[in-house]
Amino acid sequence: MLHSAADQQFEAGSLLSGGDKTDYGAVSNLSLLDTVDSPITLSWQDIRVSAPKINRDILHGVSGIANPGELVALMGASGAGKTTLLNTLVARNLKGLQVDGSVKVNGKVIGREITSVSGYAQQEELFVGTLTVKEYLSIQARLRVVEIPESKKGTATSLEEYRKNRVLKVLANLNLLKCQNTRIGVIGVKKGISGGEARRLTFACELLSNPALLFCDEPTTGLDSFMAESVIHVLSTLSTANRTIICTIHQPSSQLYSMFNKVIFLACGKTAFLGSPTQAIEFFASCGHVCPRNYNPADLIIHKLAVVPNEEDECIQRIEDITRKFEQSVYGTRLDSQLASVTEGRMPEKRRQANICTQINALLQRATIDTVRNPSLARAKMIQKSVMGLFVGLLYFQTKLDAIGVTNINGALFYLVCELTYSTLFGILNFLPSDFPLVAREYHDGLYSVLSYYVARCLSYLPLFTIDGLAMLLISYWLVGFQSAWDQVLLACLISFLIEQSSSAFGIMLSCVSPSFPIAMSSAGPLLTLLSLTGGLYANVGALPSFISWIQYLSWFRYGFEAFTINQWRKVDSPNWNSTNTQEVMQNLSFTESMFLWDMVIMAAYIVFFYTIGYIGLLIRIRRAR
Ligand SMILES: Nc1ncnc2c1ncn2[C@@H]1O[C@H](COP(=O)(O)OP(=O)(O)OP(=O)(O)O)[C@@H](O)[C@H]1O
């Protein structure tokens, strides 16, 4: 992981170093670290987790407590159950697991509502990489900060100003001011902020709402020792403001180990120790595992708690010995008495969701920036459609209105329907896969509803997936010599819009209901073939066998082509053309002139239908992803 020279100056606590002083001026009248108004004591008792399908117990009655102002490390060998315990505490990622025992916030079991009083910085960083750090945080602030807290009422005149100050303050707190205008970046596509900055940005998002309880899954994994230390330093500083912070951590260095207020060691799904870092060293020494001088205590303890291949019996015996000794030790009994003395206290205020307009607005802004800054999509689509418009124009250049010309113009119209469909659909099939992990996480963090995301994302695609089609249509229009009375041009634009929207709504629906991107891709091809074959050019829609003829009524190819054709031939600016010629063209294709309006209404209805099914599919998938 890269880190800049400015990173190396990083010092949590002296947060102005390397920062942007102009910006900081805006928040200089505010204290750097907000003290938590309603501190949280988190306690958990006799947590048992099993996987019934494979008949396996993962946690065997684990108990513990974390108090305000404490930075707690959850440690243990790989497979000890750290992530499972953290997931149980935050009520996330427990699909397929049976969970018993109680998790209490200030002495009260609140279940999944823990999400609304805590922050969870997950290990996998998920951002919208095309945004800058400040843009991303500002949008997060609109979703996470919905009112000025009572204690901060005098610090800002409006919610907007409070959010702005909050973003600057969090940027300063986490030493992100110097990279605030840097794009976050997309792994493997575009380099952005450093690994340490990305990790701090994850905390920054969580801190916007100033949670009293913060969970962090492996905050130092993947970082070099300096970065790891700076991240833990930030957490340690944050905990001093009366926050309760619990994080899982893999083999911390001696330096890191001593920065925690409390360490919890798990082994084979049991608590092997809970207490201060120094007490842990003493306890393990009392069990016969003395830490040599200049040796990392965390390494020694985790090694003693690991089950080593080919030495399973010996290791399990040792672990049982340690866990039993812990239960009987002064630390074990003190934990029991602490848990017994937890009484119901004041509940912290739950984080409210922003109203639906704010949600859609913020998400639309984010999605639009992402779509516009995504050159592979925006630029490629515009270039492709313009080239295709030119190509069609040249291929059918100034077509005459004779028998061959009519066939050619109909061919050109059907080609436009296909071009408006295929590239749109395949361009939009990636609608969900790229967004899904972030949206599922933010939904379960309680930031917004699925409907807000869906509306915003669909709207963000609308301009691009309209303008490109119109560009193609208008470039080819006069080159081919389509009928160009103003009402015909306008109606052709409307038909083009409806065809392209039918295709993008269908693509979004497929993307949302398919279990995976490859399945969506592989089902799109055959479905489009079926719909285009019954579109009216390859086979006369009036002569299709009855058992297959019904498919045409599902095909926007058919409605779009019929509407384009009627629009073209109903009014022809030529002395050699009369209404009989129009009827002949219609009869040859088995199209009905009176269907013109219906074609457009039916396409509009299909668009609504596809979007609705897509929404239901997305809702089900996101709800299942907790
Ligand atoms: N959903 C599940 N179904 C079945 N087994 C599971 C499930 N989740 C976890 N386990 C098993 O439970 C054990 C503990 O897993 P967990 O991920 O909590 O360990 P960990 O201490 O976080 O390990 P690591 O440090 O390697 O991430 C592992 O053996 C794992 O295979």
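## Reading a strand, a sheet and a ligand site

Trainee: Why is β3 described as largely enclosed by the rest of the structure?

Mentor: Six of the six residues of β3 are buried, so this strand is largely enclosed by the rest of the structure. Keep in mind that the model is predicted.

Trainee: Which residues of β3 lie on each side?

Mentor: L71, A73 and M75 are on one side, and V72, L74 and G76 are on the other. Every one of these residues is buried, and both faces of β3 are thereby covered.

Trainee: With which strands does β3 pair, and in what sense?

Mentor: Two strands count as paired when there are at least two bridges between them. Here β3, residues 71–76, pairs with β9, residues 262–267, over five bridges in the parallel sense. With β8, residues 244–248, the pairing of β3 is also parallel, over four bridges.

Trainee: Where can I see single residue pairs?

Mentor: Toward β9, G76 stands opposite L266, and M75 has F265 as its bridge partner. Toward β8, L71 stands opposite I245.

Trainee: What is the strand order of the sheet?

Mentor: The order is β6-β7-β8-β3-β9-β10, an open sheet of six strands with mixed pairing. β6 (118–121) and β10 (270–275) are the edge strands, each pairing on one side only. On average, neighbouring strands of this sheet are turned by 15° against each other, with direction ignored.

Trainee: Which strands does helix α6 touch?

Mentor: Helix α6, residues 195–207, packs on the sheet and touches β6 and β7 (213–217). The direction of α6 makes about 165° with that of β6.

Trainee: Turning to the ligand, how many residues surround it, and which are closest?

Mentor: The ligand is surrounded by 14 residues, and the closest are A51, S78, K82, T83 and T84. By type, the shell divides into five nonpolar, seven polar and two charged residues.

Trainee: Which elements supply the residues of that shell?

Mentor: β2 (56–66) and α3 (82–90) each give at least two residues to the shell. The largest share, three residues, comes from α3.

Trainee: Some residues have a positive phi without being glycine. Where are N55 and C268 found?

Mentor: N55 is in the loop between β1 (42–51) and β2, and C268 is in the loop between β9 and β10. Phi is about 50° in N55, which is not a glycine. For C268, also a residue other than glycine, phi is near 45°.

Trainee: Are these two residues buried or exposed?

Mentor: Count the other C-beta atoms within 10 Å: 20 or more make a residue buried, and 12 or fewer make it exposed. N55 has 7 C-beta neighbours inside 10 Å, so N55 counts as exposed. C268 has 22 other C-beta atoms within 10 Å and is therefore buried.

Trainee: Where is N310 found, and is it buried or exposed?

Mentor: N310 is in the loop between α10 (297–304) and α11 (312–328). N310 counts as exposed because it has 7 C-beta neighbours inside 10 Å. P437 is 127 residues from N310 along the chain, and their C-alpha atoms are separated by 39 Å.

Trainee: What domains does the assignment give?

Mentor: The domain assignment gives domain 1 (5–340) and domain 2 (356–624). Their C-alpha centres lie 48 Å apart. The contact between them takes 14 residues from domain 1 and 17 residues from domain 2.

Trainee: Which helix gives the most to the side of domain 1 that touches domain 2?

Mentor: Helix α4, residues 133–144, gives the most, with five residues. The residues on that side of domain 1 divide into six nonpolar, four polar and four charged.

Trainee: Last, the whole protein. How many helices and strands are there?

Mentor: There are 24 helices and ten strands. The C-alpha trace spans about 105 × 60 × 40 Å along its principal axes. Of the 626 residues in the protein, 44% are buried.

Trainee: What share of contacts joins residues at least 24 apart in sequence?

Mentor: The share is 78%, taken among contacts between residues at least 6 apart in sequence.

Note on methods: Residues are numbered from 1 along each chain as its sequence is written. This is a predicted model: local features need pLDDT of at least 70, side-chain atom pairs count only at pLDDT 80 or more; totals for chains, interfaces and linings use all residues. Axes are lines fitted to C-alpha atoms, for helices over the stretch in contact, and angles run from 0 to 180 degrees between N-to-C directions. Two residues are in contact if their C-beta atoms, placed from the backbone, lie within 7 Å. A residue is near a molecule or strand if its C-beta atom, placed from the backbone, lies within 6 Å of it. Ala, Val, Leu, Ile, Met, Phe, Trp, Tyr, Cys and Pro count as nonpolar, Asp, Glu, Lys and Arg as charged, and the others, Gly among them, as polar. Domain bounds come from an automatic or database domain assignment.
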